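Here is a friendly walk through one protein chain, from its charged pairs to its rings and strands. Keep the viewer open and follow along.

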Amino acid sequence: MNKVKKVLMTMFGLLMFPLLFACNNTQSQGVETIKAKGKLVVALNPEFAPFEYQKLVDGKNQIVGSDVELAKAIAKELGVEVELSPMSFDNVLASLDSGKADLAISGVSKTEERSQVYDFSIPYYTSKNKVIVRKSELTNYQSVKDLAQKKVGAQKGSIQETLAKETLQDSSLVSLPKNGNLITDLKSGQLDAVIFEEPVAKGFVENNPDLAIAEFDFDNDKEDSYAVAMKKDSKELKEAVDKTIQKLKDSGELDKLIDDAFKASIEK
């Protein structure tokens, strides 16, 4: 009987060893893989000024913004180059699942639901949501109740889309993948209002004098914290990202990056 037990225990140990090794290796393979390929692939949606947007630089269309600078800082911390992978916002997190990207840095809000599927860094920015309307109709919007029976736009897959679904049940929600299209539809009258994060809303209003920000807040609106997303169990990668963000925060450089990006996004 003892011999049988020994044989069974040996077999069990042989079966479990690879699994234990795999579990331990999962936490470090992200950083090792990134260093081995020499680049950090970052998924983002360049429709989100001042965090990431497209701009002509020296005659060439480039993706710029504070999230881009953050991505460069993280890549520097890892000792690799950064590769930006632009895509629609609703595909940003999915790119982590498919392995097409190492990090998602695109004004991604950290939520309890998302945290069950992905690892998130410490927050690097906190904002609130605002509503943009046509300036000529600004006085018609004094509270959230004034959005009832109105067509309200939000970016597909965003926290603002979720907020609208939960809060504006008497409104008609229109979800579009591109922020620029939301603004176009608002200006043309196809939409009555659009929900954006405050800095994004301010950027659009600065560049569109016929639009304005409604002076009310959502009653159930929580502070919206942006964080860097990555695959679950990316312990070492998360540590490197957190370290970079904390250094930028402590030095005041992070606030400066966001402020400079906002000013650049509204330059004529």
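Does D260 count as buried, partly exposed or exposed? At 34% relative accessibility, D260 counts as partly exposed, because it lies above the 20% limit for buried and does not pass the 50% limit for exposed. Please keep in mind that this is a predicted model.

## A salt bridge within a helix

D260 has a charged partner: it forms a salt bridge with K256, with 2.8 Å between the closest N and O atoms. Both residues sit in helix α10 (residues 253–265), and because they are four residues apart there, about one helical turn separates them. K256 is partly exposed as well, with a relative accessible area of 46%.

Elsewhere, E77, K243 and K247 are joined into one network by salt bridges that share partners. In total, the structure holds 14 salt bridges.

## Salt bridges around strand β9

One of these bridges brings together the side chains of D217 and K130, at 2.7 Å from N to O. This pair links distant parts of the chain: D217 is in the loop between β13 (211–213) and β14, while K130 belongs to strand β9 (residues 129–134), and their positions lie 87 residues apart in the numbering as a separation. The two ends of the bridge have their own settings: D217 is partly exposed, with a relative accessible area of 35%, whereas K130 counts as buried at 12% relative accessibility.

A further salt bridge connects R134 with E137, whose closest N and O atoms are 3.3 Å apart. R134 counts as buried at 14% relative accessibility, because the limit for buried is 20%. E137 is partly exposed, with a relative accessible area of 23%.

## Aromatic pairs

Now to the rings. How many aromatic pairs are there? The count comes to eight aromatic pairs. One of them is formed by F48 and Y226, whose ring centres are 6.0 Å apart; their planes meet at 55°, so the pair is tilted. This contact also links distant parts of the chain, with F48 in strand β2 (residues 47–48) and Y226 in strand β14 (residues 224–226), 178 residues apart. F48 is buried, with a relative accessible area of 4%, and Y226 is buried too, at 0%.

Another aromatic pair joins F216 and F218. With 6.4 Å from centre to centre and 75° between the planes, this pair is edge-to-face. Both F216 and F218 are buried. Going back to F48 and Y226, ring pairs link these two with F51, Y124 and Y125 into a cluster.

## Strands and their partners

Strand β2, the home of F48, takes part in an open sheet of three strands in the order β2-β3-β4, with antiparallel pairing. Why do β2 and β4 (60–64) each have one side without a neighbour in the sheet? They stand at the edges and have a single partner strand each, so one side of each is left without a neighbour. Strand β3 (residues 52–57) pairs with β4 in the antiparallel sense over five bridges. To find the register in your viewer, look for K55, whose bridge partner in β4 is Q62.

A parallel pairing can be seen between strand β10 (residues 151–155) and strand β11 (residues 172–176), which are joined over five bridges. Here V152 has L173 as its bridge partner in β11. Between the two strands, the chain crosses from β10 through helix α6 (residues 159–167) to β11, and this β-α-β crossover is right-handed.

## A buried residue in a loop

Finally, take a look at V80, which lies in the loop between α2 (66–78) and β5 (81–86). Is V80 buried or exposed? At 10% relative accessibility, V80 counts as buried.

What does V80 touch, leaving aside residues up to four places away in sequence? Its contacts are I34, K35, G38, K39, L40 and A75. Of these, G38 is 42 residues from V80 in sequence, yet the two are 5.0 Å apart in space, C-alpha to C-alpha.

Notes: Residues numbered from 1 in each chain as written. Predicted model: local features only at pLDDT ≥ 70, side-chain atom pairs only at ≥ 80, totals over all residues. Heavy atoms only, no water. Phe/Tyr/Trp six-rings, centres within 6.5 Å; stacked < 30°, edge-to-face > 60°. Buried < 20%, exposed > 50% of the residue type's maximum accessible area, 1.4 Å probe, protein only. Salt bridge = Lys/Arg side-chain N within 4 Å of Asp/Glu carboxyl O. Pairing = 2+ DSSP bridges. Right-handed = clockwise from strand over helix to strand, strands pointing away. Contact = heavy atoms within 4.5 Å.
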